[in-house]
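Please read the following walk through the fold with the sequence and the structure open. The text starts from a single residue and works outwards.

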Amino acid sequence: MALRDFALLTFVCLLWAANNIVSKFVVAYMGAPPLVYAALRFGIVALAVFPWLRPAPRPLWRLLIIAVCMGAGSFAFMFIALKTISPSSSAIVAQLMVPTTTLLSFLMLGERLSRRRLVGICMTLGGALLVMWDPGGLTIATGLLFALASVVVGSLGSVMMKQMDGVKPLQFQAWVGLASFAVLAPLSAMTEPGAIHKVLSIGWPFWAAVVFSALVVSVFGHTAYYWLIQRYEANLISPLTLMTPLATIGLGVVFTHDPFDARMAVGAAVALAGVLIIAMRPNQIMLLLFNLRSRPR
């Protein structure tokens, strides 16, 4: 991988990690209702990439379901989770998306599930459960269950996306933004009375966070990521995105004072190792190291 492209991917991962911290501040410390926060984020995304809505991909009904799963469902559940859990915990639980997507691909699409991937799935699940487990009892915090729901819904959308052809990145973002706003805006109005008044009372810090999340993280970050996916094999790019949970943990400890003890460290290490095993073929590790040392000619 060219050094320039590796630097771009690193920057994107840092943006995603920073967004986890920003979202925690918005919903937990500023007190913004999570659904209206998600709705406004997707509304801005839809406006920013509105010209890419047409021509509408076919079948449109499938794209709308995918858009709601990967947008409204996944983000709304995660923002609700961040009201009560730390960004570090959410980042580790989010790694379950890789094994969940792998399992759903096996069940829904008939994709091959190798022994190596089964080992990776078990490791990721075990590491995440170690993080989610409450040492004081056999209970799992409600916030972590919302984070898990975010993973399952997002994974379902990812698997269904494999059955769509010819959808360009900005076109997909436009439909995700529009469909998610259309779902979240009325849902927020029904379940979060006074939400608009609340965010208006917070003032410019809230709007700065929304614009950062929508334009910098979603439009720029995801577009850059899709561009890199087109230039390099997914088996090279996907493992490198593990920088996101690692950066989230680091930023969480510094800025939101996340507790990070030995139990969480072991759980995170096991979960991330499991994701690496799932994402990479046996010969990909040496290829990854070789590519990272390469320079553009």
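Setting aside residues up to four places away in sequence, A72 touches F42, A67, S180, V183 and L184. This is a predicted model, and A72 lies in its helix 3. A72 has a relative accessible area of 3%; buried means under 20%, so A72 counts as buried. A72 and V183 are 111 residues apart along the chain, yet their C-alpha atoms are separated by 7.0 Å.

One of the partners of A72 is L184, which can be followed further. Leaving aside neighbours within four places in sequence, L184 is in contact with L35, A38, A39, F42, A72 and A76. L184 also belongs to the largest nonpolar core, which has 47 residues. Within this core, V26, Y37, F172, L184 and F206 touch the most other members. Two or more residues each come from helix 1 (3-29), helix 2 (34-48), helix 3 (60-81), helix 7 (142-161), helix 8 (169-191), helix 9 (195-202) and helix 10 (204-231). Apart from this core lies another one, of 11 residues, including A2, A224, Y232 and L240.

The wider fold comes next. The protein has 14 helices and zero strands. Of its 297 residues, 48% are buried. Of the contacts between residues at least 6 apart in sequence, 89% join residues at least 24 apart. The pair A72 and V183, 111 residues apart along the chain, shows such a separation in sequence.

Helix 4 (residues 87-94) is mostly covered, with seven of its eight residues buried. The buried residues in helix 4 are P87, S88, S89, S90, A91, I92 and V93.

What does the surface look like? The protein exposes about 14100 Å², and carbon and sulfur atoms supply 72% of that area. On the surface, F25, Y29, V253, V254, F255 and F260 form a nonpolar patch, with about 550 Å² of accessible area together. Helix 1 and helix 12 (243-255) each supply at least two residues of the patch, and the largest share, three residues, comes from helix 12. F25 is found in helix 1. Because its relative accessibility is 31%, F25 counts as partly exposed.

Charged pairs can be dealt with briefly. How many salt bridges does a search of the whole structure find? The search finds one. R4 forms a salt bridge with D5, and the closest N and O atoms are 3.2 Å apart. The two partners differ in exposure: R4 counts as exposed because its relative accessibility is 56%, whereas D5 is buried, with a relative accessible area of 0%.

Confidence varies along the chain. The mean pLDDT of the protein is 82, and 88% of the residues reach 70 or more. Among the elements, helix 2 has the highest mean pLDDT, 94, and helix 14 (residues 284-293) the lowest, 46. Over residues 284-297 pLDDT stays under 50, and for this stretch the model has 17 contacts beyond four places in sequence.

Definitions and conventions. Residues numbered from 1 in each chain as written. Predicted model: local features only at pLDDT ≥ 70, side-chain atom pairs only at ≥ 80, totals over all residues. Heavy atoms only, no water. Core = buried A, V, L, I, M, F, W, Y, C linked by side-chain atoms within 4.5 Å. Buried < 20%, exposed > 50% of the residue type's maximum accessible area, 1.4 Å probe, protein only. Helix = DSSP H or I, 4+ residues; strand = E, 2+ residues; numbered from the N terminus. Contact = heavy atoms within 4.5 Å. pLDDT = per-residue confidence, 0-100. Patch = residues over 30% accessible without salt bridge, like charges linked within 9 Å, V, L, I, M, F, W, Y side chains within 5 Å. Areas by Shrake-Rupley, 256 points an atom, 1.4 Å probe, with all protein chains shown as cover. Salt bridge = Lys/Arg side-chain N within 4 Å of Asp/Glu carboxyl O.
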